[in-house]
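Hi,

Here is the structure I promised to send over. Have a look at it first, and then read on for what turned up when I went through it.

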Amino acid sequence: MATISSLFLKTPTPTQPFPKTHKPHFSTPLNLPRSSRKLGPGSVTRARIRCGLIEPDGGKLVNLVVEESQKAQITKRALSLAQIKLSKIDIQWVHVLSEGWASPLKGFMRESEFLQTLHFNSTRLENGSVVNMSVPIVLAIDDFQKNQIGGSSRVTLVDDKNNPIAILNDIEIYKHNKEERIARTWGTTVLGLPYADEAIINAGNWLIGGDLEVIEPIKYNDGLDRFRLSPAELRDEFTRRNADAVFAFQLRNPVHNGHALLMTDTRRRLLEMGYKNPVLLLHPLGGYTKADDVPLHWRIMLLGGPGLNRTGPAVLT
C-alpha cells in the first residue's frame with residue numbers, strides 16, 4: 001500500500017491546462033498568500049496556497065474509548081447491567097463511533113437525531129450549527145431485549161462471546177420505522193438492497209440510542225488491524241508528512257487503471273492550483289460489502305501484501 005501511494009505522490013505526469021470555467025462570484029476578492037518566483041527577465045508572482053487540516057464536524061474529534069485508568073471500573077459496571085448482543089455490523093458501527101469517524105456523534109442516534117438524518121440529511125447541534133449526516137447510525141433491538149432492559153438508563157453491549165464491548169448510557173428506546181428508513185436512505189423500497197436485507201429488514205422493531213463508553217479499541221484480529229488508523233492517527237500522519245492538501249479515494253474493489261488515472265490526475269490538478277505536497281489517502285472499505293465483491297484480505301494483498309508500511313498514507317479504516 002505504501003508502495004502504490006508513493007507512486008502516486010512521486011511519479012511525474014503530463015500536464016494539461018484546466019478547461020475554462022465561469023468566473024466565480026465572490027462578494028470580496030479572494031486573497032491568497034503569494035510567493036515570488038523568477039521565471040525570466042522580470043519577476044512574476046505566482047499564487048501559493050497554504051492551509052491546515054479542516055476542523056472535524058462539531059469542532060472537536062470525538063474519542064469514545066475510556067481512559068486506561070477507568071477500564072477496570074467500567075468493566076465491573078458493565079457486568080452488572082442488562083446486555084445487548086451485537087452483530088458483526090453493529091460492532092463495526094461501534095468502531096466508527098468510538099474513533100470519531102462520525103463526529104460529533106457520541107453514540108448510537110436517539111430519535112431526534114435519527115429523524116433529522118432521515119428528513120434533512122443533517123443534524124443540528126446544541127449551539128445551533130448544522131453538520132452533514134446522511135446515514136442513520138442506529139442500533140436495533142427486539143421485543144425481548146426491550147423488555148429485558150425495562151426502565152434501566154444504561155445497558156451493556158457485548159460481542160458474540162458475551163465479552164463486554166461498551167456501555168450505552170442515558171438510553172432512549174423508540175420505534176424502528178424500517179420502511180421509512182430504507183426509503184429515505186436509498187430513495188426506494190425495492191427488495192434486494194444488500195445492506196437493507198442484511199441489517200434492517202430482519203432487525204428488531206425498536207431502536208436504542210445513547211452515549212457510548214467503549215471499553216477497548218475495536219480490533220478484528222484478521223491480520224489487518226495495523227492498517228486501520230484512527231482519524232487522530234491519520235491527522236498526526238498528515239502533519240508529519242507536512243501535507244498541505246489531502247485527497248482521498250475510497251473504493252470497495254481492487255485498484256484498477258481507471259482509479260489510478262483519477263488519482264494521478266487529481267494530484268496533478270492540486271499541484272497546478274499551487275499546493276506543494278498533496279498526499280493521497282487510499283481508503284479501501286473494510287466493513288460490509290456485497291457478496292460478490294473481492295474480499296478485503298485479497299484487496300490488501302494486491303496493494304502490496306505483508307510488506308505494507310503502517311505509516312503509509314494508503315491505510316485501512
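Arg-228 has a relative accessible area of 9%, so it counts as buried, the limit being under 20%. Its side chain meets that of Asp-225 in a salt bridge, with N and O 2.9 Å apart. Asp-225 is buried too, at 15% relative accessibility. Please keep in mind that this is a predicted model.

That pair is part of a wider set: a search of the whole structure gives 13 salt bridges. As general background, side chains of opposite charge can pair when their charged atoms come close.

Another pair to look at is Arg-241 and Glu-237, whose closest N and O atoms are 2.7 Å apart in a salt bridge. Here Glu-237 is buried at 9% relative accessibility, whereas Arg-241 is partly exposed, with a relative accessible area of 25%.

Then there is helix 9, which spans residues 257–273 and holds both Arg-268 and Asp-265. These two are three residues apart, about one turn of the helix, and their side chains form a salt bridge with an N to O distance of 2.3 Å. Arg-268 is buried at 9% relative accessibility, while Asp-265 comes out as partly exposed at 26%. The pairing does not end there: a network of salt bridges links Asp-265, Arg-268, Arg-269 and Glu-272.

Away from the salt bridges, do take a look at Asn-169, which sits in strand 8 (residues 164–175). Asn-169 is buried, with a relative accessible area of 9%. Its side chain makes a polar contact of 3.1 Å with the side chain of Arg-154. Leaving aside residues up to four places away in sequence, Asn-169 touches Arg-110, Ser-153, Arg-154, Gly-210, Asp-211 and Glu-213.

Finally, which residues of helix 6 (residues 178–186) are buried? They are Lys-178, Arg-181 and Ile-182. Viewed down the axis of helix 6, these buried residues fall within an arc of 95°, so they line one face of the helix. Among the elements that cover them are helix 4 (111–120) and helix 7 (194–199). Just after helix 6 comes Gly-187, with a positive phi near 75°.

Happy to go through any of this with you whenever it suits.

Best wishes

How values were computed
Residues numbered from 1 in each chain as written. Predicted model: local features only at pLDDT ≥ 70, side-chain atom pairs only at ≥ 80, totals over all residues. Heavy atoms only, no water. Buried < 20%, exposed > 50% of the residue type's maximum accessible area, 1.4 Å probe, protein only. Helix = DSSP H or I, 4+ residues; strand = E, 2+ residues; numbered from the N terminus. Arc of directions from axis to C-beta. Contact = heavy atoms within 4.5 Å. Polar contact = N/O pair within 3.5 Å; in protein donor to acceptor, adjacent residues only side chain to side chain. Salt bridge = Lys/Arg side-chain N within 4 Å of Asp/Glu carboxyl O.
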